[in-house]
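Here are some short exercises, each with a worked solution. Grab the viewer and try each task before reading on.

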Amino acid sequence: MKLNGKTAFITGGNSGIGLATARLFIAEGARVAITGRNQKTLDAAAKELGPHLLPINADVTDADSIQWAVDSAAAAFGKLDIIFANAGISGLTPVGKTTFEAFEDIVRTNLTSVFFTVQSAAPHLNDGASIVLNGSVHAVLGKPGWSAYAASKGAVRSMTRVMASEFAPRGIRVNQITPGAARTPVWSPIASNDEEMAALEATLVTTIPLGRIAEPEEIAKAVLFLASSDSSNITGTELVADGGATGAPLGAPAHRH
């Protein structure tokens with residue numbers, strides 16, 4: 001098992017990519033603490049994943065809550081080996097139609113909380129640990145209406161490199177996973193039911209060379225690579241898992257003849 005005896009802390013681990021990653025980490029031998037704000041989904045995760053999962057109800061937009069969550073994980077597990085700063089939200093913020101509060105909420109959740117998750121965890125990390133930040137292809141797509149989300153993820157991309165430099169003296173690696181479209185609850189603000197999601201997916205796949213959106217389990221496997229010793233000489237970089245949407249965009253169905 002790739003993570004036998006390791007300890008991990010995952011924000012937003014009660015759904016989507018975070019939950020899929022927690023499931024995979026436990027299968028690979030780790031003990032995992034997850035955070036979330038929905039007690040019902042935290043309880044469901046605990047019931048499914050058993051005694052090697054520690055669910056923590058915490059709000060990543062509150063620095064004190066993040067600190068408490070990390071301290072609770074360290075109290076239960078001891079030193080931590082893996083941090084996956086995964087929690088995030090999406091939302092449209094078109095110019096001329098966006099409130100200050102809506103913009104700030106996305107930045108606070110997707111960027112500020114990532115920094116303070118890592119800062120809170122730093123004293124609890126074993127030397128040689130792995131930190132993985134969750135980014136997005138929106139950092140480079142330039143999709144209209146997504147300024148706050150794209151800006152927050154672009155900033156995470158830059159912060160990954162800075163943190164990699166800061167943690168290098170301790171042998172702690174910092175990398176970013178960059179998902180493309182994936183089947184997660186992040187779409188709920190713009191696709192609130194199955195019918196709307198099906199219509200959105202039909203549009204999305206036309207821009208993805210592999211012709212489908214990702215499953216959370218596929219992204220989790222990429223996170224596992226960055227978290228494990230398989231990537232022991234990799235730091236300060238991003239692993240893109242987007243079906244070719246940014247690397248080979250002209251191979252997408254929309255451009256085929």
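Two strands count as paired if DSSP finds at least two bridges between them. Helices (H or I, at least four residues) and strands (E, at least two) are DSSP runs, numbered from the N terminus. The model is a predicted one, where local features need pLDDT of at least 70, side-chain atom pairs count only at pLDDT 80 or more, and totals for chains, interfaces and linings use all residues. Residues are numbered from 1 along each chain as its sequence is written, and side-chain values use heavy atoms, with hydrogens and water left out.

**Exercise 1. Work out how the radius of gyration of the protein chain fits a compact globule.**

Step 1: take the rule, 2.2 Å times the number of residues to the power 0.38, with the radius of gyration taken over C-alpha atoms.
Step 2: put in 257 residues, and a compact globule should come out near 18 Å; the protein chain has 18 Å, so the two agree.
Step 3: add the extents, since the C-alpha trace spans about 55 × 35 × 35 Å along its principal axes.
Step 4: list the secondary structure, which comes to eight helices and seven strands.
Step 5: check burial (buried means under 20% relative accessible area, exposed over 50%, partly exposed in between, with a 1.4 Å probe and protein chains only). Buried residues are 47% of the 257 in the protein chain.

**Exercise 2. Trace the strand pairing from β4 through to β7, naming bridge partners as you go.**

Step 1: begin with β4 (residues 80–85), which pairs with β5 in the parallel sense over five bridges. On this seam, F84 has V132 in β5 as its bridge partner.
Step 2: move on to β5 and β6 (residues 173–179), again parallel and with five bridges. Here S130 is matched with R173 in β6.
Step 3: finish with β6 and β7 (residues 238–241), which run parallel and are joined by four bridges. P179 finds its bridge partner, A241, in β7.
Step 4: look at the connection from β4 to β5. Together with helix α4 (residues 100–121), these strands make a right-handed β-α-β unit. Right-handed means that, with the strands pointing away from the viewer, the path from the first strand over the helix to the second runs clockwise.

**Exercise 3. Decide how covered β5 and β6 are.**

Step 1: count for β5 (residues 125–134). Seven of its 10 residues are buried, so the rest of the structure largely encloses this strand.
Step 2: do likewise for β6, where seven of seven residues are buried.
Step 3: recall that side chains in a regular strand alternate between the two faces of the sheet.
Step 4: split β6 by face. One side has R173, N175, I177 and P179, the other has V174, Q176 and T178, and all of them are buried.

**Exercise 4. Describe the second largest pocket and say which strand gives the largest share of its lining.**

Step 1: fix the term. On a 1 Å grid over the protein atoms alone, a pocket is an open set of points where a 1.4 Å probe fits, with protein on both sides within 12 Å along at least five of seven lines; lining residues have an atom within 4 Å of a point.
Step 2: get the volume, meaning the space filled by probe spheres set on the points, with points joined across faces, edges and corners. The second largest pocket has about 210 Å³.
Step 3: find the centre. Of the 15 lining residues, K6, G128, R173, A227 and S229 are the closest to it.
Step 4: assign the strands. β4 and β5 each supply at least two lining residues, and the largest share, five residues, comes from β5.
Step 5: sort by class, giving four nonpolar, six polar and five charged residues. Ala, Val, Leu, Ile, Met, Phe, Trp, Tyr, Cys and Pro count as nonpolar, Asp, Glu, Lys and Arg as charged, and the others, Gly among them, as polar.

**Exercise 5. Classify G135 and V162 as buried, partly exposed or exposed.**

Step 1: place G135 in the loop between β5 and α5 (138–141). Its relative accessibility is 4%, so G135 is buried.
Step 2: place V162 in helix α6 (residues 147–167). With a relative accessible area of 47%, V162 is partly exposed.
Step 3: pick up a distance for V162. Its C-alpha lies 9.0 Å from that of V174, 12 residues away along the chain.
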